[in-house]
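Here's a walk through a two-chain model, one piece at a time. Keep the structure open and follow along.

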Amino acid sequence: MNRSLVTIADHSREKIEYLIRMAQEFERKPNRLLLQGRVVATLFFEPSTRTRLSFETAANRLGARVIGFADPKVTSGTKGETLKDTIMMVSNYADIIVMRHYLEGAARYASEIAPVPIINAGDGANQHPSQTMLDLYTIYQTQGTLENLNIFMVGDLKYGRTVHSLLMAMRHFNPTFHFIAPDELKMPEVYKTYCHQHNIRFVEHQDFDADVIAGADILYMTRVQRERFTDLMEYERVKDRYLLKLPMLSKARDNMRILHPLPRVNEIEYAIDDDPHAYYFQQARNGLFARQALICDALGITLEDIRNDKTIL
Amino acid sequence: MKREQLIVSALDHGTVIDHIPCERLFEVINLLHLDQMSSKITIGYNLKSHKMGTKSIIKIADKFFTDEELNQLSVVAPNVSLSIIRDYEVVEKKQVCLPDELTGIVKCNNPKCITNNEPMRTLFHLVDREKGIITCHYCNHEQQIKEVTLS
């Protein structure tokens with residue numbers, strides 16, 4: 001059985017809930033020797049310090065050893081080696097491969113050829129399932145449920161793969177989405193069609209102010225990148241309209257939490273960091289527990305194994 | 001026989017592929033690897049057709065294709081008609097049918113797809129038969145079947 005994790009979009013509701021329970025165990029006790037004697041490879045064909053550190057920390061805190069590369073310039077890929085050859089070579093050394101690649105579909109292909117499980121740590125604009133898993137875990141943690149939530153997505157909804165994956169993964173839980181984005185970065189039609197097909201309610205907003213935010217359980221902020229705009233006049237016109245400022249939280253619900261996949265530039269005012277609604281740093285911390293769960297699941301370690309674990313430090 | 005009709009010797013054993021759109025003829029030839037065959041092949045190009053205006057036809061002696069091979073044809077020419085000939089008789093007529101999976105036929109239109117950057121076979125899934133929409137197994141990009149380029 002291929003235990004690789006390429007996308008979370010195919011996961012059932014039960015599987016998502018199962019992984020959340022696993023992550024809870026790791027949040028309770030993150031330091032264990034559950035993976036002692038195992039080798040985890042982290043192959044980053046595209047640099048991503050944040051994701052790599054999170055995966056490597058997850059492996060290290062479970063007692064595994066980590067090999068790999070952080071910078072594609074040092075690999076044989078630059079000498080013309082195919083992805084297949086690199087994956088087959090590393091499969092001889094490691095029990096599991098965590099890979100980030102700039103090409104879309106690279107992780108799927110690797111999972112079909114590798115004799116060891118592959119975890120997709122991002123493949124181009126396509127999928128980034130560990131980010132989705134930590135988002136789901138954070139939503140569950142802050143709301144006590146994934147059911148019937150009002151999730152507001154703000155900023156770059158066109159290219160932001162995190163919002164697309166989250167949208168698809170939430171389909172099991174009867175969410176209502178609210179999309180707030182400039183015209184050039186609107187939620188693509190294909191995802192609105194996806195919502196229609198799965199009976200997911202969504203609303204599109206022009207305004208982004210205290211009255212709109214008052215309806216939110218989750219406010220998922222993303223970065224509006226200048227380079228996404230073909231018309232720089234348009235960028236100058238809209239860039240400040242999607243910035244979150246402290247007074248805009250005046251009518252927010254008590255349970256509302258602000259998430260952001262990070263890195264943030266200026267889309268969340270720094271004054272908000274100390275507000276009880278801010279949750280993006282805890283969200284990043286959850287990445288550790290979510291990734292511990294994903295690595296264990298890919299290696300065939302069950303929730304039962306984790307609950308009966310005698311290696312807790 | 002009227003003089004404008006094409007005179008081709010009758011086929012005793014083999015396959016006739018008729019009603020090929022002329023602009024797709026050479027793709028059909030490539031797809032079925034006819035250039036690598038040693039059997040007798042007759043190709044008619046820019047022939048008159050009541051149904052289509054112009055059409056192309058291919059007659060291949062002593063060759064019977066598998067359904068899988070023929071179904072690949074549906075990507076470039078979904079409306080061709082096929083006749084299987086044995087002892088000068090048409091023993092079977094077939095229509096091609098778009099398969100649920102297309103392996104190694106279609107090129108992905110996403111330049112950042114792994115299949116365009118690695119020596120490997122492409123794979124597409126038919127997601128909407130009516131609208132003719134396929135998606136790449138690897139990068140998930142959608143394509144219209146009538147707009148594809150072959151790999």
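## The sheet in chain B's first stretch

Let's start with chain B, where strand S1 (residues 13-20) and strand S4 (residues 81-86) pair in the antiparallel sense over 6 bridges. Strands here are DSSP runs of E with at least two residues, helices are runs of H or I with at least four, and both are numbered from the N terminus. Two strands count as paired if DSSP finds at least two bridges between them. To find the S1(B)–S4(B) pairing on screen, look for B:His13, which sits opposite B:Arg86 in S4(B).

S1(B) also pairs with strand S3 (residues 53-61) of chain B, again in the antiparallel sense, this time over 5 bridges. There, B:Gly14 has B:Ala61 of S3(B) as its bridge partner.

A word on ground rules: this is a predicted model, so local features need pLDDT of at least 70 and side-chain atom pairs count only at pLDDT 80 or more, while totals for chains, interfaces and linings use all residues. Residues are numbered from 1 along each chain as its sequence is written, and chains are lettered from A and ligands numbered from 1 in the order in which they are written.

## Two hairpins further along chain B

Now jump to strand S7 (residues 123-128) of chain B, which is joined to S8(B) by 4 bridges and runs antiparallel to it. B:His125 stands opposite B:Thr135 in S8(B). The two strands make a hairpin with 4 residues between them, and B:Gly132 in the turn has a positive phi of about 65°.

S8(B) then carries on to strand S9 (residues 142-144) of chain B through 3 antiparallel bridges. B:Ile133 has B:Gln144 in S9(B) as its bridge partner. This hairpin has 5 residues between its strands, with B:Asn140 in the turn at a positive phi of about 70°.

Which side chains of strand S8 (residues 133-136) of chain B are buried? B:Ile134 and B:Cys136 are, and they point to one face, while B:Ile133 and B:Thr135 point to the other and are not buried. (Buried means 20 or more other C-beta atoms within 10 Å of the residue's own, exposed means 12 or fewer, and partly exposed is in between; C-beta atoms are placed from the backbone.)

## Domains

The domain assignment splits chain B into domain 1 (13-95) and domain 2 (101-147), with C-alpha centres 25 Å apart. Such bounds come from an automatic or database assignment.

Chain A gets domain 1 (13-127 + 287-307) and domain 2 (130-283), and their C-alpha centres lie 27 Å apart. In chain A, 15 residues of domain 1 are in contact with 12 residues of domain 2, contact meaning C-beta atoms, placed from the backbone, within 7 Å. Helix H1 (13-28) and H10 of chain A are the elements giving two or more residues to the domain 1 side.

## Helix H10 of chain A

H10 (residues 280-298) of chain A has 19 residues and reaches 27 Å from first C-alpha to last, close to the 27 Å expected; that expectation is 1.5 Å times one less than the number of residues. H10(A) is mostly covered, with 15 of its 19 residues buried. Just after the helix, A:Gly300 takes a positive phi of about 85°.

## Where the chains touch

The contact takes 11 residues from chain A and 13 residues from chain B. On the chain A side, helix H3 (83-91) and helix H4 (106-113) each supply at least two residues, and H4(A) gives the largest share, 3 residues.

Notes. Contact = placed C-beta atoms within 7 Å.
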